[in-house]
Amino acid sequence: MISFPHFPKRKVHCLDGVWDFAFLEDVDSPASLSPASLEFTHRMPVPGVFDAYPDFAGRRGTGVYRTFISVAPNTKGLLNLQGLGMWAAVFVDGELIREIPLPYSGVTVVVPASAQARRELVIVTDNRFDAERVPLFETIFDFYGYGGVYRSVIWHELPAVGAIERVRISTLDLKQGRVRARVEYLQEPATQNPSFAVDGEPVEPVEITREGNTLTAVLDVPDPACWSPASPHLHLLTVSGGEDEIVERFGLRTVEAKGKRILLNGEPIQLLGFCRHEAHPQHGPALPMSQLAQDLQLLKAMGCNFVRGSHYPQDPRFLDLCDEMGMLVWEESLGWGQVDAVAHSAPRFIDLQEQQTRLMVRNSYNHPCVILWGFLNECGSHRKELAGLYERLIAAIREEDAGRLVTYASNHPYEDLHFSLCDVVSINTYPGWYAHDIDNPNPLQEIPREMNKLCQSLSERNLDDRPLIISEIGAGAIYGWRDPCAFHWSEGYQSEYLKTVCEIIVGSEDFAGLALWQFCDIRTYPGARALTRPRAFNNKGIVDEYRRPKLAFETVKDLFTRQT
Ligand code: ADA
């Protein structure tokens, strides 16, 4: 399915379908493979991850996908790869066009024209851990690293001149419905005079400026209506000129931090929801549209207004749905507890962090649902030597987008060094699960104690001048394990745990938001790392991996719906 933006004047080929497939073990350098020498023995769906399918379940190696496409000869192409993993390389007509060491990132690649109408597209993917090849994904991550084409692949036939890369739309004045539209051309200076229309009605810009390949127009939306979770009104902007046209969807809304509150369209809102992985045992991270919609319906049914997209850039179709269904989103770039890679100032790691973070902001800029940008989940924010990376990523985000709040999830709340750089302080904490005192027979007592201690510590460090989000908190429960003692791993313990958390946080002025860990159970570590993860799953979902609700579902629903 093609998510926004749309390009009505271009021939656009959605290549989702079933492709030829080959699996190879022990390839030294997958980027040096010659696609012509391969024997394609299988057929595989795209999007899809080969290691979630029966023939290759749990295997690690190189998965090669091939398809053919008919395009107009002598036409440049633009490939839009919306998410791959863990590493990938793109070959067109046998030539290596681009390596992609950015798992989950939406990447576009310009493809040189050819006299041939029939083009061969090969995507080599690899799911082996390799600090050189794919430093952004490590064995320590508490979610399974899959191999394959996670999301849609789309080929655009580009116009000879005036190809538009994107338009970034931001709200300048909510009441008046005034927006700024920054039109970015792909390869040439912005000398064009495009025309603008909103919701099909032609609009004359109030102002136009040009700089390099960018044209910026200020526009007044006719019949403006604000976007909010209660009323997710969306507008369509069309920019057309010469041979190209872009149609982008946007919402009129503002978000800001004022004291301890987050204000949406000028009104305080408490964010209540879950951290969510894009995960399913049979699809890995390549979720079908029906699953995305079902997940959102379940979240809505619990009264959530908020999802933390942990821990990577989100599927654009999911963000389209969040726009339509009024779900607020924290989107973050890929990172999980990597302290060493950063501490050793691995330059490639740092460059890739910045690249993927910038790409995320550019790709999701026009989704009104996204209100928070995050990065580097639990990545040693208490370590002095990492300061440079935190500063660099925050600066990169603010340079790309000054209109949203910036945060990161810290698991070192008492020693964190970079909270003051962010608009929002976000803390991951598991009192009463990963207990301070493992002999305490009433571990739930630790929850109120820890919440008080956190608030006090932030206030002593003058960090209570900004919003605080509890960005993770939760307990594991094995679906169906109901037991009168309601100890750890039972549905009963999880339900009491989340009740205790919600009773403290929901409606409290001290907390601007809560993202419970987590929406659904997810596959995690292979091997002995899974010893604290029964079934090799992270079982803290409020629904299991097949979305069957646990006892806590009704508990949280009851507490959230009183509020939202
Ligand atoms: C961390 C991490 C999550 C998950 C969680 C847990 O806070 O950010 O991804 O691993 O712990 O379940 O322990």
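The paragraphs below lead through the salt bridges of this structure, which is a predicted model.

Side chains of opposite charge can pair when their charged atoms come close. In this model the structure holds 41 salt bridges, and a few of them serve here as a way into the fold.

A starting point is Arg249, which forms a salt bridge with Asp320, the closest N and O atoms lying 3.8 Å apart. Arg249 belongs to strand β21 (residues 244-250), whereas Asp320 sits in helix α2 (residues 316-325), so this pair ties together parts that are 71 residues apart in sequence. Both Arg249 and Asp320 are buried.

A second pair joins two helices: the side chains of Arg358 and Glu400 meet in a salt bridge with an N to O distance of 2.8 Å. Because Arg358 lies in helix α4 (residues 347-364) and Glu400 in helix α5 (residues 387-400), the pair ties together parts that are 42 residues apart in sequence. Arg358 is buried, having a relative accessible area of 16%, and Glu400 also counts as buried, at 7% relative accessibility. Arg358 and Glu400 are, moreover, members of a network of salt bridges, whose linked residues include Glu165, Arg166, Arg182, Asp351, Arg392 and Glu399.

A third pair offers another setting, for the side chains of Asp558 and Arg562 meet in a salt bridge of 3.2 Å, taken from N to O. Here Asp558 counts as partly exposed, at 40% relative accessibility, while Arg562, at 63%, counts as exposed.

How values were computed:
Residues are numbered from 1 along each chain as its sequence is written. This is a predicted model: local features need pLDDT of at least 70, side-chain atom pairs count only at pLDDT 80 or more; totals for chains, interfaces and linings use all residues. Side-chain values use heavy atoms; hydrogens and water are left out. A salt bridge is a side-chain nitrogen of Lys or Arg within 4 Å of a carboxyl oxygen of Asp or Glu. Helices (H or I, at least four residues) and strands (E, at least two) are DSSP runs, numbered from the N terminus. Buried means under 20% relative accessible area, exposed over 50%, partly exposed in between (1.4 Å probe, protein chains only).
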